[in-house]
Number of protein chains: 2
Amino acid sequence: MSQRNQRVSPEDVHPIACPIREIFDRVAGKWSVQIILLAVSKGPIRFTELERGIEGISRRMLTLTLRQLERDGLLVRTVYPTVPPRVEYTATEMARELRGAFEQLAAWAVRHQDAIADAQRAYDDRQEKVAAN
Amino acid sequence: MSQRNQRVSPEDVHPIACPIREIFDRVAGKWSVQIILLAVSKGPIRFTELERGIEGISRRMLTLTLRQLERDGLLVRTVYPTVPPRVEYTATEMARELRGAFEQLAAWAVRHQDAIADAQRAYDDRQEKVAAN
DNA sequence: CAGAATCCATCAGGATACTG
DNA sequence: CAGTATCCTGATGGATTCTG
């Protein structure tokens, strides 16, 4: 307890940081969260509904992200060979389980958003003073 | 319940997706997670300890990420005006509260890592077949 | 030791046009 | 409708050098 200059071995952080990293990469991308939330809350959802429901997403990124989520087994893609074609995306059970974690993070965000904003202002003020030196 | 062609209004996803986005941006960056976890578990930690403890991080990215976390009030930076200089980073209470959410996500990751790997293999196999057409 | 500053490669991602 | 293909640009981030 007195000695804190002990080396930090990579293994200390790895077992928790590594799986988390993997998850965040595939699940916490800018668009993945919104797609998953929509797919979870809106049941089977169509390509165009997603495109309209997610502000600012490009057709390209929607396609790429959907493919990745499908590959990871978070979404199921169902094609109805009608004309015009109809494709629906359904969240799997696995994806639905993410909602809890997302909501916990959202709660944390809400709880601390003011504190964060304050911290940022305080920090920026300090920088201004230094810059004005 | 029969009608699912209802429009998806942006407000349906916004209230939860927006704060989450903010959080993920500032907290779920490639390096932020590892830095926070190290700072939380290793008490006050020095620049060089972080550099050695996080595999593959560059000096530049470590500095940039530390600045951002400090600005957001997740880390406190303490300078000891000795020679050579000594700087320590301490996780704030706010940052420590994140551990729960991180661990929940980590648990999710561990629970489903096999299923995800399987899904990916299955998906890739399907693609190969198509490519071979 | 703990950075700041600079240069440079990569690549995520947007806009647009085309198609089964 | 639900994509694919192509082009192009800005931001991300690594490597390196310099300094109090």
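The following exercises, each with a worked solution, concern a predicted model of protein chains and DNA.

In this predicted model, local features need pLDDT of at least 70, side-chain atom pairs count only at pLDDT 80 or more, and totals for chains, interfaces and linings use all residues. Residues are numbered from 1 along each chain as its sequence is written, chains are lettered from A and ligands numbered from 1 in the order in which they are written, and side-chain values use heavy atoms, with hydrogens and water left out.

**Exercise 1. The surface near DNA strand D**

Task: Determine how many residues surround DNA strand D, and which elements supply the surface near the strand.

Solution.
Step 1. A residue is near a strand if one of its heavy atoms lies within 4 Å of it. DNA strand D is surrounded by 17 residues, and the closest are Thr48(A), Thr63(A), Arg77(A), Tyr89(A) and Arg60(B).
Step 2. Helices (H or I, at least four residues) and strands (E, at least two) are DSSP runs, numbered from the N terminus. At least two residues each come from helix H3 (47-53), helix H4 (59-71) and strand E3 (86-91) of chain A, and from helix H4 (59-71) of chain B.
Step 3. Ala, Val, Leu, Ile, Met, Phe, Trp, Tyr, Cys and Pro count as nonpolar, Asp, Glu, Lys and Arg as charged, and the others, Gly among them, as polar. The surface near DNA strand D thus classified has eight nonpolar, three polar and six charged residues.

**Exercise 2. Phosphate oxygens of DNA strand D**

Task: State which part of DNA strand D gives 68% of its atoms within 4 Å of the protein, and examine distances to phosphate oxygens.

Solution.
Step 1. Sugar or phosphate accounts for 68% of these atoms, and bases for the rest.
Step 2. An N or O atom in the side chain of Arg46(A) is 2.8 Å from a phosphate oxygen of the strand. For a polar side-chain atom of Ser58(B), the distance to a phosphate oxygen is 2.8 Å.
Step 3. With Val87(A), a polar backbone atom is 3.3 Å from a phosphate oxygen.

**Exercise 3. The interface of chains A and B**

Task: Describe the contact between chain A and chain B by its residues, buried area and salt bridges.

Solution.
Step 1. With contact taken as heavy atoms within 4.5 Å, 59 residues of chain A touch 59 residues of chain B.
Step 2. Buried area is the accessible area (1.4 Å probe) that two parts lose on being put together, summed over both. Here the value is about 5700 Å², and carbon and sulfur atoms give 66% of this area.
Step 3. A salt bridge is a side-chain nitrogen of Lys or Arg within 4 Å of a carboxyl oxygen of Asp or Glu. Four occur between chain A and chain B; one of them joins Glu97(A) to Arg111(B), with the closest N and O atoms 2.9 Å apart.

**Exercise 4. Salt bridges within a chain**

Task: Locate the partners of the Arg26(B) and Arg99(B) salt bridges, and decide whether the residues are buried or partly exposed.

Solution.
Step 1. Arg26(B) meets Asp72(B) at 3.0 Å, N to O. The pair links distant parts of the chain, 46 residues apart: Arg26(B) is in helix H1 (residues 14-27) and Asp72(B) in the loop between H4 and strand E2 (75-80).
Step 2. Buried means under 20% relative accessible area, exposed over 50%, and partly exposed in between (1.4 Å probe, protein chains only). Both Arg26(B) and Asp72(B) are buried.
Step 3. Arg99(B) meets Glu103(B) at 3.3 Å, N to O. These two residues lie four residues apart, about one turn, in helix H5 (residues 93-132) of chain B. Arg99(B) is partly exposed at 32% relative accessibility, and Glu103(B) is partly exposed at 37%.

Technical notes:
Polar contact = N/O pair within 3.5 Å; in protein donor to acceptor, adjacent residues only side chain to side chain.
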